[in-house]
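Visitor: Please pick one strand in the middle of this fold and go through it closely. I would like its pairing, its burial and its surroundings set out in one connected account.

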Amino acid sequence: SVPACAASTIFGNTGAGISIGYNILGQEDPSDNYAGGFLLTPTGSGNLASISAPIGDLSGSSTSVTFHLYTNNSGTPGSLLDTLTATVGAFNPSVASPITAFASTNYPFLSSAQSYWVVASSASEIGWNVSYVLAAPGNRYWTDNGTVINVGGGAEGALILTSGVPPN
């Protein structure tokens, strides 16, 4: 028999702990629909199994959130590699939000020699805890209704990417 492979962390920016600061995404008011993400370089290589993040619904309910994983195209998102969707619970801005795991659908291979964009979106207003790590200039990518509104530095959303063996 072949032993099962354990998942391993190939990126994580939550090592210093998660602060209670947060980014707001989704529909903050009826005319807005913010999507936001960050450029990251994995510290290890492997097939993406999941993205985990402290993210939740600011209305105090639950909602669907989607992470899109893209290649890096000269500092902006390039080709779509994967779409990961999960239902998240309520977000409390006064405490660190619980971490939700978003399972990969495509298990793309991520290399520690390349950078990737991870962009979150939702039809509801959501909060995404930020880590104590600040993004380097050019690492932030924000859109409103598909129009780019911010590319630059800022507080990163806390993320953990794990690798694993794709299902047969």
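**A close look at strand E9**

Guide: Gly37 stands opposite Val119 in E9. The model is predicted, and what follows describes its coordinates. On another strand, His68 also has Val119 of E9 as its bridge partner. The two pairings behind these positions are both antiparallel: E3 (residues 34-40) is joined to E9 by five bridges, and E5 (residues 63-73) pairs with E9 (residues 116-121) over six bridges. Within E9, Tyr116 has Thr71 opposite it.

These pairings belong to an open sheet of six strands, ordered E6-E5-E9-E3-E11-E12 and paired in the antiparallel sense. Its edges are E6 (76-88) and E12 (147-152), each of which pairs on one side only. From one strand to the next the twist averages 20°. Strands of a sheet pair through backbone hydrogen bonds.

Burial comes next. Six of the six residues of E9 are buried, so the strand is largely enclosed by the rest of the structure. In a regular strand, side chains alternate between the two faces of the sheet. For E9, one side carries Tyr116, Val118 and Ala120, and the other carries Trp117, Val119 and Ser121; all of these are buried, which leaves both faces covered.

A contrast is found in E7 (residues 99-103). There Thr100 and Phe102 point to one face and are buried, while Ile99, Ala101 and Ala103 point to the other and are not. E7 is joined to E4 by five antiparallel bridges, and Thr100 is the bridge partner of Ala53.

The surroundings of E9 include two nonpolar cores. In soluble globular proteins, nonpolar side chains tend to be buried together. The largest core has 26 residues, and those touching the most other members are Ile51, Ile55, Phe67, Phe102, Trp128, Leu159 and Leu161. E9 is one of the strands that supply at least two residues of this core; the others are E1 (8-12), E3, E4 (46-57), E5, E6 and E10 (126-134). The largest share, four residues, comes from E4. Another core, of six residues, lies apart from the largest one and includes Ala35, Leu39, Tyr70 and Val119. Residue Val118 of E9 is among the contacts of Leu159, beyond four places in sequence, along with Phe11, Leu40, Ile51, Phe67 and Trp128.

One residue of the neighbouring strand E5 deserves a note: Thr63. At 12% relative accessibility, Thr63 counts as buried, because the cut-off is under 20%. The side chains of Thr63 and Ser124 are joined by a polar contact of 2.8 Å. Beyond four places in sequence, Thr63 touches Asp57, Ala86, Thr87, Val88, Ser122, Ser124 and Ile126.

The whole chain gives the setting. It has 14 strands and zero helices. Of its 168 residues, 46% count as buried. Among contacts with a separation of 6 or more, residues 24 or more positions apart account for 78%. The chain exposes about 7,600 Å², of which carbon and sulfur atoms supply 52%.

Note on methods: Residues are numbered from 1 along each chain as its sequence is written. This is a predicted model: local features need pLDDT of at least 70, side-chain atom pairs count only at pLDDT 80 or more; totals for chains, interfaces and linings use all residues. Side-chain values use heavy atoms; hydrogens and water are left out. Two strands pair if DSSP finds at least two bridges between them. Axes are lines fitted to C-alpha atoms, for helices over the stretch in contact, and angles run from 0 to 180 degrees between N-to-C directions. Buried means under 20% relative accessible area, exposed over 50%, partly exposed in between (1.4 Å probe, protein chains only). A polar contact is a pair of N or O atoms within 3.5 Å; within protein, one must be able to donate a hydrogen and the other to accept it, and residues adjacent in sequence count only if both atoms are side-chain atoms. Contact means heavy atoms within 4.5 Å. A nonpolar core is a set of buried Ala, Val, Leu, Ile, Met, Phe, Trp, Tyr and Cys residues joined through side-chain atoms within 4.5 Å. Accessible areas come from the Shrake-Rupley method with a 1.4 Å probe; for residues, only the protein chains shown count as cover.
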